[in-house]
Structures are given as C-alpha cells and as structure tokens.
Amino acid sequence: MRTLLVLALVSAELGGAFGVATVEGVAVSSGEIEVTISVVVEAGPVNVVAYLVDPGDDQETVALGPRAGGEYAGTAISERADLVVIFEAIWADGSSETSRPVTFTELGLDPAVLLNGAVPVSTDDGELTLDAATERWGWAAVGLGAAALSLLALWALADYPRRRRSEAEETVDQD
C-alpha cells in the first residue's frame with residue numbers, strides 16, 4: 001500500500017490515452033543526467049515517443065519500448081535541467097495523440113539530481129569526492145589567493161627603501 005501511495009505522489013496522470021508517467025534519474029557528470037522515462041498507454045499496441053524539450057533550446061526525441069501492462073519506457077542522457085516532456089502515441093492507422101506538457105519534476109524526478117555544482121560523488125570505496133569542475137574552481141581560488149598575497153607583499157615592500165632613506169636622513173639630522 002505504501003509503494004502505491006509513493007508512486008501516486010511522484011507520478012503524473014496525463015489523461016486521454018495516457019495513464020501514469022514517471023521519470024527517474026541519476027547524475028552521470030556535472031552537466032548531464034541519465035533519465036528513465038515511462039508512461040502507461042491504455043489503448044492497444046502503439047509506438048510511443050517522448051519529446052524532451054528545453055524551452056528556447058533543442059529538442060530530443062526518445063523512443064519508448066513496450067513493457068508489461070501497457071507500459072512503455074526508455075532511457076536517455078540529457079542536460080541537468082527540468083526539461084519539458086511531451087509523450088506521443090502513434091497507432092498503426094497513422095493517427096496519433098499527444099499528452100499535455102509536463103516537467104521532469106512533475107513526473108517525480110528528485111530535484112536534487114538537477115543541482116549543478118559542488119555535489120559530492122560517491123566512489124566505489126565509499127569515500128566522497130568532488131566532481132572535476134568543482135576541483136578546478138577550488139584550485140583557481142587557491143591560485144587567486146596566492147596572487148593576491150604576492151601583490152600585497154610587493155605593495156608593502158615597494159615603499160620600504162624610501163622609508164629606510166628617510167629614517168637614515170632623520171638620524172643624520174639628529175646628530
């Protein structure tokens with residue numbers, strides 16, 4: 001019963017020929033995720049595709065293969081963004097039906113998967129490491145800090161010979 005409740009909370013009912021749809025995903029790099037998209041189509045044998053749309057950018061078409069119980073599913077690599085998904089069912093007679101547009105998070109994708117940045121990645125030995133992009137920014141920060149300290153030292157030492165001369169002149173004047 002609990003599993004059914006969780007499935008109902010993290011999926012969307014699309015209406016028409018489409019039943020329950022879900023998206024699961026895992027991060028594969030700092031800029032990409034692998035998503036598994038599934039939808040139930042209630043009317044007979046069909047071809048089903050999912051259009052992954054990034055508003056203002058490209059569109060990717062993913063063919064969904066049949067599974068048991070009228071479910072169709074497929075896997076794709078996409079950018080780390082809450083893309084819009086539109087399902088299309090195409091019947092043998094050439095007619096088709098599209099679903100309403102829904103986002104990955106509306107279909108149950110965990111929003112934490114979409115975060116791009118300092119996300120710890122688990123290694124095989126259980127140790128947590130940072131991804132390559134985060135390490136590059138860390139080393140860049142260390143380099144900029146060292147450069148700033150060097151400039152501060154040059155600025156402080158640039159005035160040193162003048163101060164030393166003026167101190168020497170003051171001692172001569174006092175004698």
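**Strand β4 and its surroundings**

Strands β4 and β7 run antiparallel and are joined by seven bridges, where two strands are said to pair if DSSP finds at least two bridges between them. Within this pairing, N47 stands opposite I90 in β7. The model shown is a predicted one, in which local features need pLDDT of at least 70, side-chain atom pairs count only at pLDDT 80 or more, and totals for chains, interfaces and linings use all residues. Residues are numbered from 1 along each chain as its sequence is written, and side-chain values use heavy atoms, with hydrogens and water left out.

The chain as a whole has four helices and 11 strands; helices (H or I, at least four residues) and strands (E, at least two) are DSSP runs, numbered from the N terminus. Of its 175 residues, 27% count as buried, a word that stands for under 20% relative accessible area, with exposed meaning over 50% and partly exposed in between (1.4 Å probe, protein chains only). The accessible surface of the chain comes to about 11500 Å², of which 59% belongs to carbon and sulfur atoms; such areas come from the Shrake-Rupley method with a 1.4 Å probe, and for residues only the protein chains shown count as cover. Among contacts between residues at least 6 apart in sequence, 52% join residues at least 24 apart, a contact being heavy atoms within 4.5 Å.

To return to β4, five of the seven residues of this strand are buried, so β4 is largely enclosed by the rest of the structure. Besides β7, a partner of β4 (residues 47–53) is strand β5 (residues 59–66), with which it pairs in the antiparallel sense over six bridges. Y51 stands opposite T61 in β5, while V48 has L64 of β5 as its bridge partner. The two strands form a hairpin with five residues between them, and G56 in the turn has a positive phi of about 85°.

What does V48 touch, once residues up to four places away in sequence are set aside? The residues in question are V39, V41, V62, A63, L64, Y72 and E88. V48 lies in strand β4 and is buried, with a relative accessible area of 2%. A73 is 25 residues from V48 in sequence, and the two are 8.8 Å apart in space, C-alpha to C-alpha.

A73 leads on to β6, since this residue of β6 stands opposite G65. Strand β6 (residues 71–79) runs antiparallel to β5, and two bridges join them. P66 stands opposite Y72 in β6. Here too there is a hairpin, formed by β5 and β6 with four residues between them, and G69 in its turn has a positive phi of about 70°. Strand β6 also pairs with β3 in the antiparallel sense, over nine bridges, and in that pairing Y72 is the bridge partner of V39.

V39 and L64 appear again in the largest nonpolar core, which has 27 residues and in which V39, L64, F87 and F104 have the most contacts; a core of this kind is a set of buried Ala, Val, Leu, Ile, Met, Phe, Trp, Tyr and Cys residues joined through side-chain atoms within 4.5 Å. The elements that give two or more residues to this core are β2, β3 (32–41), β4, β5, β6, β7 (84–90) and α2 (111–114). Of these, β3 gives the most, with five residues.

At the surface, V26, V28 and I77 make a nonpolar patch of about 230 Å². V26 belongs to strand β2 (residues 18–27) and is partly exposed, with a relative accessible area of 47%.

Methods:
Patch = residues over 30% accessible without salt bridge, like charges linked within 9 Å, V, L, I, M, F, W, Y side chains within 5 Å. Salt bridge = Lys/Arg side-chain N within 4 Å of Asp/Glu carboxyl O.
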